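Welcome, and please open your viewer beside this text. We will go from the whole chain to a few chosen spots, with a selection to make at each stop.

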Amino acid sequence: MDLNADFSQRVLVHGDEVEWRASPMPGVDRRMLDRIGGEVARATTIVRYAPNSKFSAHTHTGGEEFIVLEGVFQDEHGDYPTGTYVRNPPTTSHTPGSDEGCTIFVKLWQFDMDDRTQFRKDMAAEAVDGRAVLHRDDHETVTYHVVGPNETLTDALDGGGELLVLSGTLTEGQDTLRKDSWLRLPEGAALNARAGNEGATVWMKTGHLPHAKAPQV
């Protein structure tokens with residue numbers, strides 16, 4: 001399956017307009033944003049866990065990173081409340097689920113295959129002067145931004161970039177992004193976006209698009 005797989009194009013998806021699709025596990029549904037591959041895929045997805053649902057135990061062959069958007073995500077390593085950013089690199093494993101239900105934004109098969117750095121971070125607690133660098137390596141930089149009312153968020157986006165609006169609104173070009181809106185801008189583009197009257201919080205990744213490829217399985 002190829003979905004928004006041309007990384008030379010600008011892509012905007014309002015997550016709340018995408019139909020939920022059932023996953024192979026009962027009680028776990030998905031909104032697909034981009035995808036290369038079948039059930040094993042390089043994928044960017046919003047995933048919803050119903051209360052008391054679980055996904056089967058699995059190993060992250062290609063790595064997994066996620067943000068908890070709503071509720072509390074859980075696995076045998078602990079509880080992850082709303083606002084938590086997690087990186088589970090290649091070779092890690094877990095059995096995910098949620099007692100109360102939760103929604104996460106998750107990216108699969110997008111790691112440097114030699115990466116072994118595993119961590120969790122409270123994004124808001126990491127922010128200093130409205131910005132936090134959550135992760136940086138030779139392939140990508142991952143950041144969190146608190147954009148004040150009517151302030152501008154800019155980035156040169158070397159190597160392309162993508163962002164997810166976590167709260168508030170952000171206007172880029174002729175489009176207004178809201179909570180769960182996902183924007184991907186190609187290599188050579190630059191970001192110049194203005195927050196609305198209520199401001200915005202934003203997760204962003206840059207530099208990674210030249211490395212995008214299908215899973216090596």
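What follows is a short tour, starting with the overall view and then moving to single residues.

**The whole chain**

Before selecting anything, keep in mind that this is a predicted model. Colour by secondary structure to begin: the protein chain holds one helix and 21 strands. Now turn the model along its principal axes, where the C-alpha atoms fill a box of roughly 45 × 35 × 35 Å. The radius of gyration is 16 Å, which agrees with the value near 17 Å that a compact globule of 217 residues would have.

Next, try a colouring by accessibility. Of the 217 residues, 53% count as buried. If you switch on the surface, the chain exposes about 9,700 Å², and carbon and sulfur atoms supply 47% of that area.

A contact map is a good companion here. Among contacts between residues at least 6 apart in sequence, 68% join residues at least 24 apart. For a last global view, show the charged side chains: 21 are positive and 34 are negative. The centres of these two sets lie 2 Å apart.

**Stop one: a hairpin**

Select residues 64-75, which form strand S8, together with residues 78-81, which form strand S9. These strands run antiparallel, and four bridges join them. How many residues make up the hairpin connection from S8 to S9? The hairpin passes through two residues. To see how the pairing lines up, pick aspartate 75 and look across to S9, where glycine 78 stands opposite.

**Stop two: two loop residues**

Now move to glutamate 39, in the loop between strand S4 (28-37) and strand S5 (41-49). This glutamate counts as partly exposed because its relative accessibility is 49%. Leaving aside neighbours within four places in sequence, show the partners of glutamate 39: Pro24 and Arg30 are in contact with it. Then draw a C-alpha to C-alpha distance from glutamate 39 to leucine 108; the two are 69 residues apart in sequence and 11 Å apart in space.

For another loop, select alanine 57, between strand S6 (53-54) and strand S7 (58-59). Is alanine 57 buried or exposed? With a relative accessibility of 57%, alanine 57 counts as exposed. Setting aside residues up to four places away in sequence, alanine 57 touches His94 and Thr95. A second distance is worth drawing here: the C-alpha atoms of alanine 57 and lysine 121 are separated by 23 Å, with their positions 64 residues apart along the chain.

**Stop three: two buried residues**

Select glutamate 172 in strand S18, which spans residues 161-172. Glutamate 172 counts as buried because its relative accessibility is 10%, and the cut-off for buried is under 20%. Show its surroundings, again without residues up to four places away in sequence: glutamate 172 touches Arg10, Leu177, Leu183, Leu185, Leu191, Asn192 and Ala193.

End at histidine 208, in the segment after strand S21 (191-206). Its relative accessibility is 5%, so histidine 208 also counts as buried. Which residues does histidine 208 touch, not counting those up to four places away in sequence? Display Arg42, His139, Glu140, Gly159, Gly161 and Glu162 around histidine 208 to see these contacts.

Terms used. Residues numbered from 1 in each chain as written. Predicted model: local features only at pLDDT ≥ 70, side-chain atom pairs only at ≥ 80, totals over all residues. Heavy atoms only, no water. Buried < 20%, exposed > 50% of the residue type's maximum accessible area, 1.4 Å probe, protein only. Contact = heavy atoms within 4.5 Å. Rg over C-alpha atoms; globule rule 2.2 N^0.38 Å. Areas by Shrake-Rupley, 256 points an atom, 1.4 Å probe, with all protein chains shown as cover. Lys, Arg positive; Asp, Glu negative; His and termini not counted. Charge placed at Lys NZ, Arg CZ, Asp CG, Glu CD. Pairing = 2+ DSSP bridges.
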